[in-house]
Amino acid sequence: MGLKEFTRDDPIFVNEAVLRDNYRPEELVERDAELSEYQEALRPVINAAPPKNIFLYGQTGVGKTLATRLVLNQLLSDQENYDDLNIEVVNLNCKSASSSYQVSVDLVNQFRDTTEKIPSTGYASSQVYQMLWNHINDLDATHLLVVLDEIDSIGNDDDILYELPRANDNESVDDTLVGVIGISNDFTFRDNLSARVKDSLCDEEIHFPPYDANQLRNILKQRATNAFRDGVLDGDTIPLCSAFSAQESGSARQALKLLYKAGDLARTRDDSEVGESYVREARDLIEKGKVQDELESLPTQSQLTLFSLLQLESEGKTPCKRSDIYERYQVVADLVSSDIVSDRTIHDRISQLRLKGFIQHDERNDGIHGGSYYLYSLDIRQEIVENALQQSNARVSDLFES
Ligand code: ADP
Ligand code: MG
């Protein structure tokens with residue numbers, strides 16, 4: 001078949017951009033409690049007092065970034081009512097910064113023109129901090145709020161989260177009152193912060209819990225109104241997207257992606273209605289895509305371990321002990337002439353696969369004297385692992401032929 005003509009006819013979407021991840025809705029639904037907590041935490045700023053530092057946390061897709069943008073926009077616009085305020089905001093996503101040093105360099109560069117940016121290496125960190133203080137002191141602002149989104153990527157290297165909140169107390173910054181808003185997708189990040197940082201950063205902590213199915217339904221409904229043509233959504237489509245996503249993650253991002261993909265499939269098939277079956281198919285495709293990406297990046301030994309468990313599972317021998325997996329692994333590794341690594345290494349591989357959600361374990365007790373042990377099984381559907389492994393690394397895919 002040759003090429004088809006590109007046309008603008010679209011039986012499904014009026015505006016699909018509304019469903020994309022980078023779309024910026026003007027309203028956060030189902031988050032009234034969190035929004036009012038957030039606004040309350042920022043009240044000192046509007047009162048011209050020193051800001052509180054705020055730590056916002058919750059898993060990905062629960063509205064943290066969106067809430068922050070909306071709340072700060074509101075603050076920036078309401079400050080116009082008060083002559084003695086001049087609030088500025090610096091917004092930094094720290095996703096690609098793995099240290100406090102990189103974050104401080106990125107912050108400095110937020111204040112600089114393209115031609116004057118500093119490189120990400122080469123200065124002492126005290127120099128970088130000094131540049132930062134100079135830039136802040138040069139501002140003609142009463143308040144500076146520094147938003148550090150996805151700050152968990154700096155791990156244990158949390159110096160910047162000590163320095164910034166203390167900038168006024170240390171007299172590094174004089175006339176501008178500095179407040180920090182740290183946002184984390186990772187729950188363990190807060191617990192691992194050093195005591196001195198916890199003290200200064202976490203004046204106010206705001207938790208964004210996962211959404212339940214009802215909340216997701218309302219979020220999707222609001223978005224769907226502007227995205228889809230009237231009447232193309234089957235009554236069950238949004239509830240099903242919401243139920244799946246609530247069950248798996250509670251993430252609005254995931255729910256939106258699912259709904260978008262379902263619509264996209266209906267369009268590809270020249271269908272005029274987005275029914276339930278498209279949601280199921282979309283879910284499969286998304287899951288496969290994710291698993292595929294993850295599996296391709298796994299080391300060979302992990303793939304062989306997973307293959308061994310897959311075999312045991314298809315023979316009805318799961319849940320099984322770790323020793324069963326290791327035994328099978330030895331056979332499998334031998335088949336593809338791979339090095340055979342130790343039981344200990346495979347143990348580590350199993351733990352890693354479990355953390356990634358490919359394998360699950362169940363603790364069992366062998367009576368009073370037996371001690372406890374784990375039984376393992378696959379945590380994702382067999383055919384998904386099978387497909388993904390078949391398409392990965394050549395050695396591992398050969399196994400399916402033998
Ligand atoms: P997080 O920062 O917690 O990972 P985001 O704020 O980026 O989450 O939200 C993820 C996606 O879901 C975005 O597309 C956002 O517009 C949407 N979203 C999340 N929560 C809501 C909500 N309560 N109302 C409307 N859209 C939402
Ligand atoms: Mg975010």
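Start with what packs over helix α3: the cover on its buried residues includes β2, α4 (125–138), β3 and α5 (160–163). Helix α3 itself runs over residues 100–110 and is mostly covered, with eight of its 11 residues buried. Those eight are Ser100, Tyr101, Val103, Ser104, Val105, Leu107, Val108 and Asn109. Keep in mind that this is a predicted model.

One piece of that cover can be followed residue by residue. Tyrosine 129 sits in helix α4 and, with a relative accessibility of 8%, falls under the 20% cut-off and therefore counts as buried. Setting aside residues up to four places away in sequence, tyrosine 129 touches Ser100 and Ser104, along with Asp159, Ile160 and Glu163. Ser100 and Ser104 are among the buried residues of α3. There is a backbone distance to go with this: tyrosine 129 and valine 105 are 24 residues apart in sequence, and their C-alpha atoms are 8.4 Å apart.

Now zoom out to the whole chain. You're looking at 17 helices and seven strands, in a C-alpha trace that spans about 75 × 60 × 50 Å along its principal axes. The chain has 402 residues, and 44% of them count as buried. Take the contacts with a sequence separation of 6 or more: 72% of them are between residues 24 or more positions apart. On the outside, the accessible surface comes to about 20,800 Å², with 42% of it belonging to carbon and sulfur atoms. As for charge, there are 40 positive and 71 negative ones, and the mean positions of the two sets lie 5 Å apart.

Isoleucine 12 gives a picture of those long-range contacts. This residue lies in the segment before α1 (32–46), and with a relative accessible area of 0% it is buried. What does isoleucine 12 contact, leaving aside its neighbours within four places in sequence? The list takes in Ala227, Phe228, Arg229 and Val232, then Gly263, Ala266 and Arg267, and finally Asp271, Ser272, Glu273 and Val274. For isoleucine 12 and phenylalanine 228, the separation along the chain is 216 residues, yet the C-alpha atoms are 5.9 Å apart.

Tyrosine 38, in helix α1, is also buried, with a relative accessible area of 0%. Beyond neighbours within four places in sequence, tyrosine 38 is in contact with Ile54, Leu56, Ala67, Thr68, Val71, Ile181 and Ile206. Its C-alpha is 9.0 Å from that of leucine 56, which is 18 residues away along the chain.

Move to helix α2, where you'll find leucine 76. Buried or partly exposed? Its relative accessible area is 26%, so leucine 76 is partly exposed, given that buried means under 20% and exposed over 50%. Not counting residues up to four places away in sequence, leucine 76 touches Ile87 and Val89. Between those two sits glutamate 88, 12 residues from leucine 76 in sequence and 7.7 Å away, C-alpha to C-alpha.

Helix α2 (64–78) and strand β2 (87–93) turn up again at the largest pocket, where they each supply at least two residues of the lining, as do β3 (143–149), α8 (213–227) and α10 (252–268). The pocket has a volume of about 900 Å³. Its lining is made of 37 residues, and the ones nearest its centre are Asp21, Tyr23, Thr65, Leu66 and Arg253. Rolling a probe the size of a water molecule over the atoms is what shows where empty space is left.

Finally, the backbone has a few spots to check if you're scanning torsions. Most residues other than glycine have a negative phi, and most peptide bonds are trans. Against that background, glutamate 150 has a positive phi of about 50° without being a glycine, and its place is in the loop between β3 and α5. Aspartate 270 also has a positive phi, near 55°, and lies in the loop between α10 and α11 (276–296). At 66% relative accessibility, aspartate 270 counts as exposed. Then there's the cis peptide bond joining threonine 318 and proline 319, with omega about 0°. Proline 319 has its place in the loop between α12 (300–314) and α13 (322–335).

Terms used:
Residues numbered from 1 in each chain as written. Chains lettered and ligands numbered in written order. Predicted model: local features only at pLDDT ≥ 70, side-chain atom pairs only at ≥ 80, totals over all residues. Heavy atoms only, no water. Helix = DSSP H or I, 4+ residues; strand = E, 2+ residues; numbered from the N terminus. Buried < 20%, exposed > 50% of the residue type's maximum accessible area, 1.4 Å probe, protein only. Contact = heavy atoms within 4.5 Å. Areas by Shrake-Rupley, 256 points an atom, 1.4 Å probe, with all protein chains shown as cover. Lys, Arg positive; Asp, Glu negative; His and termini not counted. Charge placed at Lys NZ, Arg CZ, Asp CG, Glu CD. 1 Å grid on protein atoms, 1.4 Å probe; cavity = no way out; pocket = protein on both sides within 12 Å on 5 of 7 lines; lining within 4 Å. Points joined across faces, edges and corners; volume = space filled by probe spheres on them.
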